[in-house]
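Let's take a look at how two chains meet, how they are related, and what space is left inside.

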There are 2 protein chains.
Amino acid sequence: MPPMPPQATSNSTGMATTSSEELGSAAQRERRKRIIDATLALAAKGGYDAVQMRAVADKADVALGTLYRYFPSKVHLLVAGLSREFQRASEKLDRTKIPGDTPTDRLLFVLGRNTRMMQRDPHLTEAMVRAFMFADTTAAAEVEQVGKLMESMFARAMGKEVPTERDSVIFHMIADVWMANLVAWVTRRASATDVQHRLELSVRLLLEGRDED
Amino acid sequence: MPPMPPQATSNSTGMATTSSEELGSAAQRERRKRIIDATLALAAKGGYDAVQMRAVADKADVALGTLYRYFPSKVHLLVAGLSREFQRASEKLDRTKIPGDTPTDRLLFVLGRNTRMMQRDPHLTEAMVRAFMFADTTAAAEVEQVGKLMESMFARAMGKEVPTERDSVIFHMIADVWMANLVAWVTRRASATDVQHRLELSVRLLLEGRDED
DNA sequence: CACATATATAGAACACGTTCTACTCTTGAG
DNA sequence: CTCAAGAGTAGAACGTGTTCTATATATGTG
């Protein structure tokens, strides 16, 4: 067993620790940030395949061994990147008044906004989303964290800060449909408008049990 | 450009050609079958990681180069395996009277039956489902075919042999939720009962706009 | 039959994720 | 200050997906 370094974001409560995020010295937080920056930069340029561990290490100016000490696999790395992106989106959302007359409309606004944001960077989205779906059991915790982030964004959008169990399940389904559609879009099996329509229909059905107003 | 062999299953109509399936000499169909058999056997024994191209080639008694001539990547191979499994499930279904009083119930029966069938072989399911989700654009056609199979199974279950556009979209969403739940199950982020409940809830909401009867 | 061409084979070669080794640099406890 | 343990570094090494090369075998056409 190697001695664990900064690493892992288990955090049993699911709440972020104040604002500074997790353990590690300043230098370590710096390194971790550089690594994720490098990852996302490479992903944005060439997608999943362009995120090569040696390239990430180089660009982040750490040794390959160090990279692996921080993130035990390429998938962990990319899911961590997705997590950070969602965290940022979520924070930005907090500073925004979400438009829409009904909770459903507001959820749809959030979903549409994030979808468009991701579609603006196809390579990056491809890399993160494929890693997310490919993740195996060893990255289950990281995937779960992303799930939590999506759920809480949805909850906030709908003004259900404390979702019921049923709400949670429905948010989870919406997240599933969202991710599935992003995957389809990323692999060119669905157009941007396909995605938009499907999301709208499924959200209305799941939340209101109807579509067309 | 290398000369294409048996290969690809485009089939623009989406209909299976009578019963014998696709082009190629008898020997070629034989090889193809052996390859998929070998793939599924290895997958059943050790999941995604155990499906190693050299091992598949060995077990199928073909050269590595031949394997690649038939299936251009590991993902193609596994998605083809999933496709064949679904085709079989679909055929078996055709020989079955689907129980259930309402179309929704019948769809849920089919979904539950297939889910249980897949859960009976966790490794195999893990291998196929992860490949399915990880597939890139080069395997989009194969993924689409699997999508078509799911859709037509659902359509048949509900007695909607000729689904409307709206039906299709809804079937697609159900397939998305189904696959997402299988992924979650496979990575131990969801239990079998979680999956069952989520599927039931989402199908009822998507099809009837309500749950609890 | 004979040959041209498509397929199949064995195995080397290559790429990239991951692991390992040997060494150096930091850091914090005493 | 000293030094032991942890963290980082450079780079070799390994495993598996994929590609390439050289050769052999089928196959169908004159």
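In this predicted model, 32 residues of chain A touch 32 residues of chain B. How much area do chain A and chain B bury between them? About 3,000 Å², with 67% of it on carbon and sulfur atoms. If you go looking for salt bridges across the interface of chain A and chain B, the count is zero.

Here are the interface values side by side:

| Interface of chain A and chain B | Value |
|---|---|
| Buried area | about 3,000 Å² |
| Share of buried area on carbon and sulfur atoms | 67% |
| Salt bridges | zero |

Now for the symmetry. A turn of 180° with a shift of 0.0 Å along the axis lays chain A on chain B, at an RMSD of 0.0 Å. The two copies are therefore related as by a two-fold rotation axis. Both copies use the same surface, as 100% of the contact residues of chain A recur in chain B. Which residue of chain A comes closest to the rotation axis? That's Gly209(A), whose C-alpha sits at 1.8 Å.

On to the empty space. There is one cavity of 30 Å³ or more, and the largest cavity holds about 30 Å³ of space. Its lining is made up of Ala89(A), Lys92(A), Leu93(A), Arg113(A), Asn114(A) and Met117(A). Helix H4 (74–94) and helix H5 (103–119) of chain A are the elements that give two or more residues to that lining. Sorted by class, the lining of the largest cavity has three nonpolar, two charged and one polar residue.

Technical notes: Residues are numbered from 1 along each chain as its sequence is written. Chains are lettered from A and ligands numbered from 1 in the order in which they are written. This is a predicted model: local features need pLDDT of at least 70, side-chain atom pairs count only at pLDDT 80 or more; totals for chains, interfaces and linings use all residues. Side-chain values use heavy atoms; hydrogens and water are left out. On a 1 Å grid over the protein atoms alone, a cavity is a set of points where a 1.4 Å probe fits but cannot get out, and a pocket is an open set with protein on both sides within 12 Å along at least five of seven lines; lining residues have an atom within 4 Å of a point. Grid points are joined across faces, edges and corners, and a volume is the space filled by probe spheres set on the points. Helices (H or I, at least four residues) and strands (E, at least two) are DSSP runs, numbered from the N terminus. Ala, Val, Leu, Ile, Met, Phe, Trp, Tyr, Cys and Pro count as nonpolar, Asp, Glu, Lys and Arg as charged, and the others, Gly among them, as polar. Copies are superposed by least squares on the C-alpha atoms of residues with pLDDT of at least 70 in both. Contact means heavy atoms within 4.5 Å. Buried area is the accessible area (1.4 Å probe) that two parts lose on being put together, summed over both. A salt bridge is a side-chain nitrogen of Lys or Arg within 4 Å of a carboxyl oxygen of Asp or Glu.
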